[in-house]
Each structure stands twice: as structure tokens, then as C-alpha cells.
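Here is a short, informal walk through one structure. Have a look around before reading on.

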Amino acid sequence: MNAHPPALRHAHQTLVHGAGRLFSETLVLLAARLAIAGIFWRSGRTKVDGWFTLSDSAVALFAEEYQLPWVDPAVAASLAALAEHALPILLVLGLATRYAAIGLLAMTLVIQFLVYPDAWPTHLSWMSLMTLLVAKGAGILSFDALLSRRLFRSAQ
């Protein structure tokens, strides 16, 4: 005997089917790319003056608060600012998406373990989106997909 009434089973199937159409993989991957890009782009913009002059406050932040071992604060600030600008652009374009996500994932792990270990809920949410992008790629709405179609078509 089926313990679930047909109306409940139908409602569940409707929800699952509708959610799958509404939240397609294409849109989920695009949203993940844009969300992570936005977080890191905004962080990168706090490290520069004008278009791309490293700010004194960014170097001070790395020297006084972050205190990363083995890395000069000016070098760390420069690398972080560069990564937080370049990698989000790649994510928005969907170009080298897996590599951009891996780069930001590595930064997040450094932040988590060496700078703000108590911020794990935030970092875990970021890492979830980044690992999704590493696992699935950029999706159809990306330069990665366009390049992949062209490469595989020319290989046939």
C-alpha cells in the first residue's frame, strides 16, 4: 500500500519539475559566476585607487591585519588586487572558468585558514559556488562553451 496520497505525490512532482525548469543549470551556473565575481571584484576595488594603483591602505591591511607568513605585504596586496580584478572578469565572461574558480578558491582557503578562521560560514558558501564552477564549468552562456563547440567541431 502506498503511504503517500496521489495529490501529495503530484504536488511533489510538479514542484520538482517546475524547479528544474525555473532553475536550469544554465541559470544556476551563470548566477554562481556572477555572485563570486561580484564578491571578489568589490574586494579588489577596495585595494586600489583610481583604475589600478595599489592603495597604501591595502598594503597596510596586509601588513597589520592579514599578516600572511612568508609573503611581503606589498607583494601580497598587489597579487590579491590583481587576482580580485582579473579572475572575476574571466568568470563574468565564462572564460577559463574552472581555472578562475580554482584561483579564487585558493585565495578563499588562504583567507579561511590564515586570516579569518571564524568566518567559515561565509567562506563555505563562497567555496560551494566555486566548487560548483570547477565541477560543472561555466555553462552554455559562456565563452568556454563557445570555444568548446568550435574546438570539437573542428576536430571532427
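What follows is a tour of the model's confidence, its core, its pockets and a few single residues.

**How far to trust it**

Keep in mind that this is a predicted model. The mean pLDDT of the protein chain is 92, and 96% of its residues reach 70 or more. Confidence varies from element to element, though: α6 has the highest mean pLDDT, 98, while helix α1 (residues 6–22) has the lowest, 79. A caution on reading such scores: where pLDDT is low, the predicted coordinates should not be read in detail.

**The core**

Now for the inside. The largest nonpolar core is made of 25 residues. Those with the most contacts inside this core are Ile 36, Phe 40, Phe 62, Leu 91, Leu 104 and Met 130. The elements that each give two or more residues to this core are α2, α3, α4, α5 and α6. In general, nonpolar side chains tend to be buried together in soluble globular proteins.

Phe 40 is a good place to zoom in. Setting aside its neighbours within four places in sequence, Phe 40 is in contact with Glu 84, Pro 88, Leu 104, Met 107, Thr 108, Trp 126 and Met 130. Two of those partners, Leu 104 and Met 130, also appear among the residues with the most contacts inside the core.

**The two largest pockets**

Next, the open spaces. The largest pocket holds about 470 Å³ of space. It is lined by 21 residues, and the closest to its centre are Phe 62, Ala 80, Glu 84, Met 107 and Ile 111. At least two lining residues come from each of α2 (25–45), α3 (56–66), α4 (73–93), α5 (97–115) and α6 (120–136).

What about the second largest pocket? Its volume is about 190 Å³. Here the lining consists of Ala 96, Thr 97, Arg 98, Tyr 99, Lys 136, Gly 137, Ala 138, Gly 139, Ser 142, Asp 144 and Ala 145. Two elements, α5 and α7 (143–155), give two or more residues to this lining. The biggest share comes from α5, with three residues.

Here are the two linings by residue class:

| Pocket | Volume | Lining by class |
|---|---|---|
| Largest pocket | about 470 Å³ | 17 nonpolar, two polar and two charged residues |
| Second largest pocket | about 190 Å³ | four nonpolar, four polar and three charged residues |

**Two residues with a positive phi**

On to the backbone. Most residues other than glycine have a negative phi. Gln 67 has a positive value, near 45°. This residue sits in the loop between α3 and α4. Is Gln 67 buried or exposed? Gln 67 counts as exposed because its relative accessible area is 53%, and the cut-off for that class is over 50%.

Ala 96 also has a positive phi, near 55°. You'll find Ala 96 in the loop between α4 and α5. With 29% relative accessibility, Ala 96 is partly exposed. It is also one of the residues that line the second largest pocket.

**Three more stops**

Which elements hold the last few residues? Start with Leu 141, in the loop between α6 and α7. Its relative accessible area is 48%, so Leu 141 is classed as partly exposed. Not counting residues up to four places away in sequence, Leu 141 touches Thr 26, Leu 30 and Arg 33. Leu 141 and Gly 94 are 47 residues apart in sequence, yet their C-alpha atoms are 7.4 Å apart in space.

Ala 74 belongs to helix α4. It is partly exposed, given a relative accessible area of 31%. Beyond residues up to four places away in sequence, Ala 74 touches Leu 54 and Val 59. From Ala 74 to Met 107 there are 33 residues along the sequence and 16 Å in space, C-alpha to C-alpha.

Finally, Leu 109 is part of helix α5. Leu 109 is partly exposed too, at a relative accessible area of 35%. Leu 109 and Lys 47 are 62 residues apart along the chain, and 19 Å separates their C-alpha atoms.

Methods. Residues numbered from 1 in each chain as written. Predicted model: local features only at pLDDT ≥ 70, side-chain atom pairs only at ≥ 80, totals over all residues. Heavy atoms only, no water. 1 Å grid on protein atoms, 1.4 Å probe; cavity = no way out; pocket = protein on both sides within 12 Å on 5 of 7 lines; lining within 4 Å. Points joined across faces, edges and corners; volume = space filled by probe spheres on them. Helix = DSSP H or I, 4+ residues; strand = E, 2+ residues; numbered from the N terminus. Nonpolar A, V, L, I, M, F, W, Y, C, P; charged D, E, K, R; others polar. pLDDT = per-residue confidence, 0-100. Core = buried A, V, L, I, M, F, W, Y, C linked by side-chain atoms within 4.5 Å. Buried < 20%, exposed > 50% of the residue type's maximum accessible area, 1.4 Å probe, protein only. Contact = heavy atoms within 4.5 Å.
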